[in-house]
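This report looks at salt bridges and at the solvent exposure of the residues that form them.

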Amino acid sequence: MQEILRRQIEKIVPLTDYEFQLVLSYFSIGKYKKHQYIVQQETPVPYVHFVVKGLLRSFYLDQSGKSHILQFAMEDWWITDNQGFYKGENATLNIDCLEDAQTYYITLENRDQLCVALPKMEFFFLQKMTAGNIALQNRILSLMSKNSEERYLQFIQLYPDLIQRLPKTLVASYLGISRETLSRLSH
């Protein structure tokens, strides 16, 4: 389990064994069951999670009760409600487990302390935040400019492993299309 986190960090910054043990000391381990929420709208967001095992999704529930999926996160991905976590506000999103899951999670205070103790981690977190912002920008542009077939083809190209693990209803919701349209496209 530790090796997954170490490989994730070392894609960006090298770590000695001592430095990795220091990094680990700032994280905690979370174990969650399928359907369990780790963040709920209108509640505090104390952690950012690194997924070691399982599959999670973040989504917004609008006033009419419709679910709008923002992100999925599987092994080796990070997930939180960024606005709530970084601004100390209540969540605007929900995050739940689509499978049993394990994460390493860290508070903002511990993240900041880790960056002081090991400055190269600040670069690591900056790179991860930048990559996340680029992915979100690309997702928004895709929703604004691509038709349903183009969005579906882009999704299976970008996330070939994910498509096998998700019910079609969730894929359709993520793509902003009906289940029927997705069935037509996937045949």
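In this predicted model, D112 and R111 form a salt bridge whose closest N and O atoms lie 3.7 Å apart. The two partners fall into separate exposure classes: D112 counts as partly exposed at 38% relative accessibility, whereas R111, with a relative accessible area of 15%, is buried because the cut-off for that class is under 20%.

By the rule applied here, the count comes to nine salt bridges. Three of the pairs are set out below, each with the separation of its closest N and O atoms.

| Salt bridge | Closest N and O atoms |
|---|---|
| D112 and R111 | 3.7 Å |
| R6 and D17 | 2.8 Å |
| D76 and K11 | 2.6 Å |

The salt bridge between R6 and D17 links distant parts of the chain, since R6 belongs to helix 1 (residues 2-10) and D17 to helix 2 (residues 17-26), eleven residues apart. R6 is buried, with a relative accessible area of 13%, while D17 is exposed, with a relative accessible area of 55%. Through salt bridges that share partners, R6 and D17 are also joined with E10 into one network.

The salt bridge between D76 and K11 likewise links distant parts of the chain, with the two positions 65 residues apart in numbering: D76 sits in the loop between strand 5 (67-73) and strand 6 (78-79), and K11 in the loop between helix 1 and helix 2. Here D76 is partly exposed, its relative accessible area being 22%, and K11 counts as exposed at 57% relative accessibility.

Notes. Residues are numbered from 1 along each chain as its sequence is written. This is a predicted model: local features need pLDDT of at least 70, side-chain atom pairs count only at pLDDT 80 or more; totals for chains, interfaces and linings use all residues. Side-chain values use heavy atoms; hydrogens and water are left out. A salt bridge is a side-chain nitrogen of Lys or Arg within 4 Å of a carboxyl oxygen of Asp or Glu. Helices (H or I, at least four residues) and strands (E, at least two) are DSSP runs, numbered from the N terminus. Buried means under 20% relative accessible area, exposed over 50%, partly exposed in between (1.4 Å probe, protein chains only).
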